[in-house]
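Trainee: I would like to take a close look at one part of this structure, the place where its helices meet. Could you walk me through that part slowly, and then show me how it sits within the rest of the chain?

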Amino acid sequence: MQVGKMQKRIDKIKIELQLIGEMRPGSLNKQYTKCGRQGCRCQDPENPKRHGPYNQLSYVHHGKSTTQFIQKPQLSAVKRQLTNYKKFRALTTEWVDLALDLAKEKLKIEREAREKK
Ligand SMILES: [Zn+2]
């Protein structure tokens with residue numbers, strides 16, 4: 001890609017980043033659990049029926065992994081936040097890729113200009 005095109009794309013990424021709404025990292029999983037109540041259907045030795053599904057959110061932040069249950073009314077908002085985070089990561093990764101290419105390309109152009117003298 002040309003230097004001008006790379007710079008234009010970076011400018012566009014900056015604008016797209018500003019438009020990202022609420023976000024959070026993580027992934028959602030459905031969880032089934034056993035309770036402690038004696039004689040509950042989840043304890044049945046023959047045909048145990050666990051409780052659930054519960055929506056569990058897991059993420060790692062500062063090297064620490066966390067899981068939390070998400071109540072149904074919050075589920076769609078959380079899904080939106082997860083999608084926004086993915087977009088955020090994709091854009092910043094693309095920015096870094098472009099920044100590295102751009103730096104390389106600029107060094108090449110400078111070198112060529114010096115060699116012409
Ligand atoms: Zn139970």
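Mentor: What follows begins with the two helices and then moves on to the chain around them. Please keep in mind from the start that this is a predicted model, and that each value below is computed from it.

Two packed helices are described by the angle between their axes and the distance between the axes. Here the pair consists of helix α1, which covers residues 3-18, and helix α2, which covers residues 72-116; their axes come within 10 Å and cross at roughly 155°. Because an angle over 145 degrees counts as roughly antiparallel, α1 is described as roughly antiparallel to α2. The crossing in which α1 passes α2 is left-handed.

If you now look at the residues that form this contact, you will find Val3, Met6, Gln7, Arg9, Ile10, Ile13, Glu16 and Leu17 on the side of α1, and these meet Phe88, Leu91, Glu94, Trp95, Leu98, Asp101, Leu102, Glu105 and Lys106 on the side of α2. Sorted by class, the contact of α1 with α2 has 10 nonpolar residues, together with one polar and six charged residues. Another residue to find in helix α2 is Gln74, which is partly exposed, with 13 other C-beta atoms within 10 Å. From Gln74 to Ala99 there are 25 residues in sequence, and the C-alpha atoms of the two are 37 Å apart in space.

We can now step back to the chain as a whole, whose secondary structure comes to two helices and three strands, arranged along the sequence in the pattern α-β-β-β-α. The radius of gyration is 24 Å, well over the 13 Å that the globule rule gives for 117 residues, so the chain is more spread out than a compact globule. Along its principal axes, the C-alpha trace spans about 90 × 25 × 25 Å, and 2% of the 117 residues count as buried. Among the contacts between residues at least 6 apart in sequence, 55% join residues that are at least 24 apart.

Between the helices in sequence come the strands, and the loop between β1 (27-33) and β2 (51-61) holds Cys40. Cys40 is partly exposed, with 14 other C-beta atoms within 10 Å, and its C-alpha atom is separated by 9.2 Å from that of Arg50, which is 10 residues away along the chain. Arg41 lies in the loop between β1 and β2 as well, but it is exposed, with 12 other C-beta atoms within 10 Å; the cut-off helps you here, since a residue counts as exposed if it has 12 or fewer such neighbours. Arg41 and His51 are 10 residues apart in sequence, and from C-alpha to C-alpha they are 8.6 Å apart in space.

Two details of the backbone deserve a careful look as well. A cis peptide bond, with omega of about 5°, joins Gly52 and Pro53, and Pro53 lies in strand β2. The loop between β2 and β3 (64-70) is the place of His62, a residue that has a positive phi of about 50° although it is not a glycine. His62 counts as exposed, with 4 C-beta neighbours inside 10 Å.

Key: Residues are numbered from 1 along each chain as its sequence is written. This is a predicted model: local features need pLDDT of at least 70, side-chain atom pairs count only at pLDDT 80 or more; totals for chains, interfaces and linings use all residues. Axes are lines fitted to C-alpha atoms, for helices over the stretch in contact, and angles run from 0 to 180 degrees between N-to-C directions. Helices (H or I, at least four residues) and strands (E, at least two) are DSSP runs, numbered from the N terminus. Angles under 35 degrees count as roughly parallel, over 145 as roughly antiparallel, 65 to 115 as roughly perpendicular and the rest as oblique. A crossing is left-handed if the near helix is turned anticlockwise from the far one by less than a right angle, and right-handed if clockwise. Two residues are in contact if their C-beta atoms, placed from the backbone, lie within 7 Å. Ala, Val, Leu, Ile, Met, Phe, Trp, Tyr, Cys and Pro count as nonpolar, Asp, Glu, Lys and Arg as charged, and the others, Gly among them, as polar. The radius of gyration is taken over C-alpha atoms; the globule rule is 2.2 Å times the number of residues to the power 0.38. A residue is buried if 20 or more other C-beta atoms lie within 10 Å of its own, exposed if 12 or fewer, and partly exposed in between; C-beta atoms are placed from the backbone.
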